[in-house]
Amino acid sequence: MLKQIVLALVLFLILLNCETQSKSATTETVETKKNLSAKTIVDLSHEYSKETVYWVTAKEFELDTVFAGDTDKGFYYSANNFTTAEHGGTHIDAPIHFSKTGQTVENIPLEKLVGSAIKIDVSKNAKDNPDYLITVEDLTNWENQKGYQIPYGSIVLLQTGFSKYYPNKEKYLGTTERGDHAIALLHFPGLSPEAAQWLVENRNINAIGIDTPSIDYGQSQLFKSHVILLSKNIPAFENLTNLDKLPNDGFDIIGLPMKIKGGTGAPLRIIALLD
């Protein structure tokens, strides 16, 4: 009899614990939904289409219709095929893009792609200078204005203001020409190698992004900022948009690329969450 009572008590406690956990999980889900509903979502991604801006030597986006219409069974159906280079439109540069030992797209830790972020606005400096190089002073000016250093593990977004020209290739890239010869015609702002080196030596950041075609400026020949950052497994987001809708700090980023095995880059859907 005592054994039966003990077993019944144990069963009761197990059921009670399961019910408590279930209520706790439900409460957490509701709270998460409430927290997300209180956020403002800002899309930082350009759409993919025939207008999408690509590097002048990269294959451009193509969308082919497989089928679109009513089937003989009476329901509507549509499907497309698409082809694209890894590096074009809003995309990610995986570390292996400029580092032999760097991570490929699928190996980038999600912690690098999701988290708190800051924005450094240099659009006034770049307004009349398409070859503007973001300096160490631009970074320290942000810190001096805020009264604290770039936080540990931040995602750093660089606003040059050039996304307003997208997809006008003449204004955004500096040229409408394509091919190897067009590389010398590229003009758009980027991060100076000195500033990239300062970041890796003095601040621990998770990722970096910019509203231009490249983290290096258009006239770069050695792509030193790429090499410096990606060699430290710091991925780069390129061709961002809507950075003007973000505050300078106090927001989160979710930047998830297509999970291409062995990829050196990938199309990226990136959003900001604002309180």
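Okay, let's start with a term: a nonpolar core here is a set of buried Ala, Val, Leu, Ile, Met, Phe, Trp, Tyr and Cys residues joined through side-chain atoms within 4.5 Å. Keep in mind that what you're looking at is a predicted model.

So, how many residues does the largest nonpolar core have? It has 25, and the ones with the most contacts inside it are Ile-120, Ile-150, Leu-158, Leu-191 and Ile-208. At least two residues of this core come from each of these elements: strand S5 (114-121), helix H4 (136-146), strand S7 (154-159), helix H6 (193-202), S9 and H7. And which element gives the largest share? That's H6, with 4 residues. As background, nonpolar side chains in soluble globular proteins tend to be buried together.

Now go to the hairpin of S2 and S3. These two strands pair in the antiparallel sense, over 8 bridges. Between the strands there are 5 residues, and Gly-74 in this hairpin takes a positive phi near 100°. Phe-75 also lies in the loop between S2 and S3.

Let's stay with Phe-67 for a moment. Across from Phe-67, in S3, stands Ala-79. What about rings, then? The structure holds 9 aromatic pairs. One of them is Phe-67 with Tyr-77, a tilted pair at 6.1 Å centre to centre with 35° between the planes. Phe-67 sits in strand S2 (residues 62-70) and Tyr-77 in strand S3 (residues 76-83), so this pair ties together parts 10 residues apart in sequence.

Are those rings buried or exposed? Neither, quite: Phe-67 is partly exposed at 34% relative accessible area, and Tyr-77 is partly exposed too, at 40%. Phe-75 has 44%, which also counts as partly exposed. Together with Val-66, these three make a nonpolar surface patch of about 380 Å².

Another ring pair to pull up is Phe-98 and Phe-223, again tilted, at 5.7 Å centre to centre and 40° between the planes. Phe-98 is in the loop between strand S4 (91-93) and helix H2 (110-113), while Phe-223 is in the loop between strand S9 (205-210) and helix H7 (224-230), so the pair ties together parts 125 residues apart in sequence. Phe-98 is partly exposed, at 27%. Both rings belong to a cluster that ring pairs build from Trp-55, Phe-98, Phe-188 and Phe-223.

On to charges. There are 7 salt bridges in the structure, and I'll show you some of them. Glu-62 pairs with Lys-59, with the closest N and O atoms 3.5 Å apart. Glu-62 is partly exposed at 40%, and Lys-59 is partly exposed at 43%.

Then there's Glu-60 with Arg-178, 3.7 Å from N to O. Where do the partners sit? Glu-60 is in the loop between strand S1 (40-43) and S2, and Arg-178 is in the loop between helix H5 (169-172) and strand S8 (190-191), so we have distant parts of the chain linked, 118 residues apart. Glu-60 is partly exposed at 26%, and Arg-178 is partly exposed at 29%.

Last one: Asp-249 and Lys-146 meet at 3.3 Å, N to O. This bridge also links distant parts, with Asp-249 in the loop between strand S10 (236-238) and strand S11 (251-257) and Lys-146 in helix H4, 103 residues apart. Lys-146 is partly exposed, at 31%. And back to Glu-60: salt bridges with shared partners join Glu-60, Lys-169 and Arg-178 into one network.

Methods: Residues numbered from 1 in each chain as written. Predicted model: local features only at pLDDT ≥ 70, side-chain atom pairs only at ≥ 80, totals over all residues. Heavy atoms only, no water. Phe/Tyr/Trp six-rings, centres within 6.5 Å; stacked < 30°, edge-to-face > 60°. Buried < 20%, exposed > 50% of the residue type's maximum accessible area, 1.4 Å probe, protein only. Pairing = 2+ DSSP bridges. Patch = residues over 30% accessible without salt bridge, like charges linked within 9 Å, V, L, I, M, F, W, Y side chains within 5 Å. Areas by Shrake-Rupley, 256 points an atom, 1.4 Å probe, with all protein chains shown as cover. Salt bridge = Lys/Arg side-chain N within 4 Å of Asp/Glu carboxyl O.
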